[in-house]
Each structure stands twice: as C-alpha cells, then as structure tokens.
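Got your viewer open and a selection tool at hand? Load the model and let's walk through it stop by stop.

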2 protein chains.
Amino acid sequence: MKIGIIGGGAIGLLLAAYLSDEHKVTVYTRRSIQAQRLMREGLRFVKRGETKRISLQAMPFTNAHIHDDLVFVTVKQYDIAAIIHRQNQFDHVETVVFLQNGMGHVKWLSSFTKQNVIVGTVEHGALKHDDHTVEHTGIGKIVLASFHGTFGQAAMLAKENIHDFPFEIASDWESVLVKKLTVNAVINPLTALLRVKNGELLKVKPYYEMMTLLFSELKQVLPIEDEQAAWNHIVNVCEKTADNYSSMFMDISQRRKTEIDAILGYVLEKGKELGVALPISRFLFAAIKGMEEGGAKHG
Amino acid sequence: MKIGIIGGGAIGLLLAAYLSDEHKVTVYTRRSIQAQRLMREGLRFVKRGETKRISLQAMPFTNAHIHDDLVFVTVKQYDIAAIIHRQNQFDHVETVVFLQNGMGHVKWLSSFTKQNVIVGTVEHGALKHDDHTVEHTGIGKIVLASFHGTFGQAAMLAKENIHDFPFEIASDWESVLVKKLTVNAVINPLTALLRVKNGELLKVKPYYEMMTLLFSELKQVLPIEDEQAAWNHIVNVCEKTADNYSSMFMDISQRRKTEIDAILGYVLEKGKELGVALPISRFLFAAIKGMEEGGAKHG
C-alpha cells in the first residue's frame with residue numbers, strides 16, 4: 001500500500017526504514033532540505049552496527065497533496081497544531097495514525113471526521129544521527145488502538161509480522177495512551193532533572209523514592225485501572241532501558257524543546273479539572289521549564 | 001584574648017585570619033597533617049587578589065587541652081556529634097560559639113552547662129583553596145545570639161569593629177537561626193539540584209516559581225514571624241550572591257557530603273512533629289540524597 005509518514009525525526013525515519021520493504025513510503029518533512037537529501041541520498045538505516053541504504057520518496061509537508069492510504073503522524077505533540085491546521089491535505093487519506101506522547105493532542109482528533117483515526121504508542125528506541133540517518137537502538141513494538149472508525153489498512157501491518165518491528169492492536173485507546181503517559185511522566189522528567197540514565201532511578205534508593213512520590217500524585221488524576229500493574233510497568237521500562245538516556249534528558253542536554261507540556265503539563269491540567277493539588281508535579285514541571293529556558297538563554 | 005577555633009574548613013580559617021591580628025588564635029583541626037602545615041607554613045589569607053601570611057597555633061582537636069577564653073565551633077553540623085562527645089575538653093573554656101547551619105545541633109547545646117553558649121550565623125563567602133589557604137570571597141557579617149549564659153568575651157568582638165569582618169549581636173537565637181535556615185533551605189538545595197548559580201533562581205521564571213512553592217511549605221513548619229520579610233531576605237541573598245555557587249552546589253559537584261540533613265532534614269522532622277505533609281521538601285530532600293549517593297557511587 002501507499003504509506004505516508006509525516007515528520008522526519010527519529011520515529012518517522014524508523015517507520016520509513018521498516019515499512020519501505022513492502023510498501024511505497026513517502027516521508028513528509030518540515031524542511032525541504034531534508035526531503036531533498038532523503039530523495040538524493042536515500043535513508044541510511046543503522047542496526048546492530050550495520051548500515052543499509054533505503055530508497056524512498058520525500059517532500060515537504062507544506063502544500064503536499066497526500067494520496068496515501070495510510071498516514072502516520074510522527075511529529076512532536078507541540079508541533080501537531082500545525083498539522084491539524086492543514087487538515088484539508090488529508091482529504092484523500094483513508095486512515096491516520098497519531099503517534100504522539102502524552103494526551104494533549106487527543107482533543108484535536110475528533111476533527112478528522114473523514115478518516116479512520118488511530119492513536120498509538122512507540123516503544124522502540126531510535127536515534128537520528130542526521131537528516132537521513134536513523135539507528136534502531138532498542139527493539140520494542142508499536143501499539144495501535146482505534147480512536148474512531150475502523151483500523152483500515154493499519155490492520156494489515158499487525159498481520160505482516162515485520163521482524164524486529166511488530167505492531168500490536170489494542171482495544172481501548174485511552175488505556176494505551178495513559179499507560180505510556182504514566183511511564184513518560186515518571187521517567188522522563190526525573191532523568192532529565194537528575195541527569196541520569198533510566199536505570200539509575202532504580203539503583204539509587206532516594207531516586208526510587210522520588211519515583212514513588214511522583215507516581216502517587218499521577219494516580220490521583222490519570223485514569224489508571226490497575227495501579228500495581230502501572231507501577232510494575234514503569235519499573236520494567238526502567239530495567240529494560242537501564243543504559244539509555246530518556247528523550248527528555250537528550251532534549252535538555254541538547255538544548256531542544258522538551259515534551260514536558262504534553263506530559264506533565266497534561267497531568268497538571270487534569271489536576272486543575274479535578275481540583276487535585278499536585279505539588280510535586282508542579283514543582284517538577286517548573287524545573288524542566290526552567291532548564292529549557294535557562295539552557296537556551298545561556299547557550 | 002585567647003581564641004580557639006575548632007575546624008580547619010573555610011569558615012574556621014577565615015575566622016583565624018581576621019582574629020589573629022588582635023588575639024592569640026589556635027586552630028584545632030581534625031587531621032594532624034593540617035595542623036602541622038598551618039604551624040610550619042602559616043595561614044595564607046587571600047583577599048581581593050592579595051595574599052598575606054599569618055602565623056598562628058594549630059593542633060589536632062582530639063586530646064587537645066583547650067584553655068582558650070572563647071571557642072568557635074565551626075565544624076559542619078554532621079560532625080558536631082564528635083565534638084559534643086568530647087565535651088570535657090571544654091572544661092576550661094568560658095564561652096563557646098556554635099556556627100553551624102540549620103537547627104539540628106541545637107538539641108545538643110544545653111548539655112554545655114559550664115559554659116556560656118552562643119549560636120551564630122555566618123554571612124561571609126569563603127573558599128578554602130588548600131589546607132592552609134583561605135580566600136574571603138564575599139564580605140558579610142557574623143550574627144551572634146546567646147543560647148544560655150552571657151556573651152562573655154564574645155561581646156568584645158562586636159565592639160572591636162574589625163574591618164570587613166563585623167560581628168553583630170542579636171537578642172533572639174531562634175529567629176537568627178531560622179532566618180539563616182530559611183535561606184539555606186531554599187537556595188542551597190535548589191541551586192544544587194538545578195546546578196545553577198544563586199542568581200539564576202531569580203532570573204529564570206520557573207526557577208523563581210520553584211522557590212515560591214518550596215517557601216510555601218517551609219513557612220508552614222518554621223517559626224517565621226514575618227513571612228514577607230523572610231521572603232525578601234531570601235531574594236536579597238540571591239541578588240547579593242547572584243554570581244556565586246552555593247555551598248551545597250559545591251559539595252555536590254565535588255562529591256562531598258552536603259548539609260541537607262541539617263537543613264531540609266530538619267524541616268522534614270518539624271513537619272513530622274507538627275503533622276504537616278511537605279511533599280516538595282520530601283521530594284527535594286530525596287533528590288539531594290540521591291545526588292550525594294549517585295555521585296559517590298559512580299565517582
């Protein structure tokens with residue numbers, strides 16, 4: 001089938017690498033220079049130390065006429081408003097998959113009335129080395145759940161059993177997103193603040209305590225069904241990614257904007273809605289905001 | 001008069017430098033090698049780029065027979081138990097001045113029944129370059145208040161008007177210590193956690209918000225009389241020391257033990273006593289504890 005991928009970041013390029021074998025993939029980038037480079041030089045895909053060159057289509061998203069059957073939107077949550085704004089470009093698309101972190105983008109999704117809308121979470125590790133090079137650093141899975149409509153062509157992907165790149169279908173979109181959000185809301189800001197690898201949160205006892213204190217606030221406002229399972233999942237992700245730096249750690253250390261609004265910002269909004277004070281979340285949110293600002297200012 | 005100074009850290013050496021002009025000073029060190037060096041090579045005192053050599057007496061504290069009129073105890077709060085334990089060495093001392101941060105040491109002080117006991121706070125900036133070199137990096141003052149007994153010979157110091165090294169007499173020891181504790185409990189852990197200079201807490205808006213969130217917890221458990229004045233004092237110290245790194249920042253970055261127990265640890269104890277939940281203080285306390293532990297382990 002024809003698959004469109006909006007966003008040429010690590011996740012967008014990783015999807016492009018795995019889906020190009022069986023499908024006709026187009027990557028829609030923000031900058032035309034990236035599209036040109038992908039067209040001219042191809043996508044370089046690094047895995048277990050080996051590099052493979054992959055040919056694909058690429059063009060800037062702005063003004064592109066999208067005629068793909070299935071489109072993955074992989075831009076960061078803070079860039080999604082720009083996509084929503086150009087919704088008419090999706091008129092010929094059957095199914096759109098949103099792969100953002102957090103839940104802040106959900107409020108926009110019902111406006112895609114003509115398409116099947118799917119939300120998903122990515123549990124892969126991926127590192128973008130440059131505009132046309134991506135490395136698969138951790139093998140995980142992508143979980144998809146229907147937000148409205150059917151799965152459309154996305155159902156195919158789960159059946160294809162792509163090696164090292166499985167798609168899983170879940171029934172309840174909210175629990176899929178909340179599960180990921182809970183993990184992100186604990187691991188990302190704490191590792192960014194403390195400047196440690198994910199595994200340190202388990203190894204250093206006071207850091208583990210910080211996790212429990214933060215989690216005890218999150219569970220007051222997020223629709224977590226099974227608290228113990230949610231906590232075990234966080235610990236499990238820390239263990240499996242012990243030697244990795246979280247994306248928020250990387251964003252802070254490279255002075256990029258973080259996804260803190262989509263993650264803890266969303267938690268704070270929920271707290272406001274429900275009238276629950278979340279002092280630690282608020283304190284931690286300010287810390288990350290300050291680190292973004294301080295880092296940028298003194299860069 | 002004869003003045004003893006227990007502790008050869010930055011504050012101990014700074015006191016020795018300023019008091020040696022008019023008094024017979026002995027520095028009591030923990031390590032005999034430091035005492036030997038001070039005896040042999042003298043104290044090097046750096047101020048505004050100039051270095052002066054000062055002769056003084058020095059010996060290890062352990063087993064020293066102290067016959068000074070006035071003794072300053074300048075060791076960190078976490079080392080004070082060792083001093084209390086050897087209280088008989090103070091039998092011939094008239095007046096003891098305790099210059100520790102926090103309030104954790106106060107509970108020990110009533111056991112000094114034979115002496116005048118004074119507590120004090122140090123608002124100077126001092127940097128110990130090596131075992132016999134200290135630099136006066138910020139001119140402030142020392143505030144003294146009687147804990148029990150009279151001021152004894154300490155009253156003299158306030159009258160001497162030592163240039164750049166004033167002593168001030170206050171009436172209420174608790175408010176003196178609380179004022180300093182409040183400043184330390186806000187500025188020290190935040191700057192250590194965020195790894196910034198004191199002035200950044202004012203410059204970066206979300207960091208300023210973190211200060212206000214933390215202060216709103218402290219004022220629930222510390223006996224602060226005038227909240228606005230206490231807050232203004234914190235802001236004022238940040239301004240005056242904007243370009244400095246706090247002692248806790250320095251301790252963390254040099255992988256030394258911090259004074260977090262004496263500062264936020266004391267605040268948490270008060271919270272427990274009073275039954276007040278202090279989520280941010282607890283979270284921040286764990287962060288600093290973890291940074292101490294993590295830094296040491298992976299050093």
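For the first stop, two residues count as being in contact when they have heavy atoms within 4.5 Å of each other. Keep in mind throughout that you're looking at a predicted model.

**Stop 1: where the chains meet**

Colour chain A and chain B separately and select the residues at their contact: you'll pick up 27 residues from chain B and 27 residues from chain A. About 2400 Å² is buried between the two chains, and carbon and sulfur atoms give 69% of that area.

Now look for the polar side of this interface. There are eight residue pairs in polar contact across it, with both partners at pLDDT 80 or more. Which parts of chain B supply at least two residues each to the side that touches chain A? Select helix H6 (173-194), helix H7 (200-203), helix H8 (205-221) and helix H12 (279-297) of chain B, and you have them. H12(B) gives the most, with 13 residues on the side of chain B that touches chain A.

Next, show charged side chains here. Two salt bridges turn up across the interface of chain B and chain A. To see a salt bridge between the chains, zoom in on Glu209(B) and Arg282(A), whose side chains come to 3.4 Å, N to O.

**Stop 2: a helix with a bend**

Stay in chain B and select residues 260-274, which is helix H11. H11(B) has 15 residues and reaches 20 Å from first C-alpha to last, close to the 21 Å expected at 1.5 Å a residue. Where does H11(B) bend? Put your cursor on Tyr266(B): the helix bends there by about 30°.

Colour H11(B) by accessibility and you'll find a run of buried residues, including Ile263(B), Leu264(B), Gly265(B), Tyr266(B) and Val267(B). Lys270(B) is on the buried list too, yet Lys270(B) has a charged partner: Glu273(B) forms a salt bridge with Lys270(B), with the closest N and O atoms 3.3 Å apart. Both residues sit in H11 of chain B, three residues apart, or about one turn of the helix. Is Glu273(B) buried or exposed? Glu273(B) is exposed, at 57% relative accessible area.

Step just past the end of H11(B) and check the backbone of Gly275(B), which takes a positive phi of about 70°.

**Stop 3: salt bridges in chain A**

Show every salt bridge in the whole structure and you should get 33 over all chains. Pick out the one between Asp164(A) and Arg48(A), where the side chains meet at 3.1 Å, N to O. Asp164(A) is in the loop between helix H5 (154-160) and strand S12 (167-170), and Arg48(A) is in the loop between strand S3 (43-47) and strand S4 (50-54), so this pair ties together parts of chain A that are 116 residues apart in sequence. Asp164(A) is buried, at 13% relative accessible area, whereas Arg48(A) is exposed, at 61%.

Now select Asp251(A) and Lys76(A), a salt bridge whose closest N and O atoms are 4.0 Å apart. What does this pair tie together? Asp251(A) belongs to helix H10 (residues 247-253) and Lys76(A) to the loop between strand S6 (70-73) and helix H3 (80-85), so the link joins parts of chain A that are 175 residues apart in sequence. Asp251(A) is buried, with a relative accessible area of 3%, while Lys76(A) is partly exposed, at 29%. Expand the selection around Asp251(A), skipping residues up to four places away in sequence, and you'll pick up Lys76(A), Arg256(A), Lys257(A), Thr258(A) and Glu259(A).

Before moving on, select Arg31(A), Lys128(A) and Asp131(A), which are linked in a network of salt bridges.

**Stop 4: a buried valine and a loop threonine**

Back in chain B, find Val71(B) in strand S6 (residues 70-73). Val71(B) is buried, at 0% relative accessibility. Show what Val71(B) touches, again leaving out residues up to four places away: among them are Ile6(B), Ile66(B), Phe90(B), Val93(B) and Val96(B).

Last selection: Thr62(A), in the loop between strand S5 (57-60) and S6 of chain A. Thr62(A) is partly exposed, at 39% relative accessibility. Beyond its neighbours within four places in sequence, Thr62(A) is in contact with Arg86(A) and Gln89(A). Draw a distance from the C-alpha of Thr62(A) to that of Ile83(A), 21 residues apart along the chain, and you should read 9.2 Å.

Notes
Residues numbered from 1 in each chain as written. Chains lettered and ligands numbered in written order. Heavy atoms only, no water. Helix = DSSP H or I, 4+ residues; strand = E, 2+ residues; numbered from the N terminus. Expected span 1.5 Å × (residues − 1). Bend = angle between axes of the 7 residues up to and from the residue. Buried < 20%, exposed > 50% of the residue type's maximum accessible area, 1.4 Å probe, protein only. Buried area = accessible area lost by both parts, 1.4 Å probe. Polar contact = N/O pair within 3.5 Å; in protein donor to acceptor, adjacent residues only side chain to side chain.
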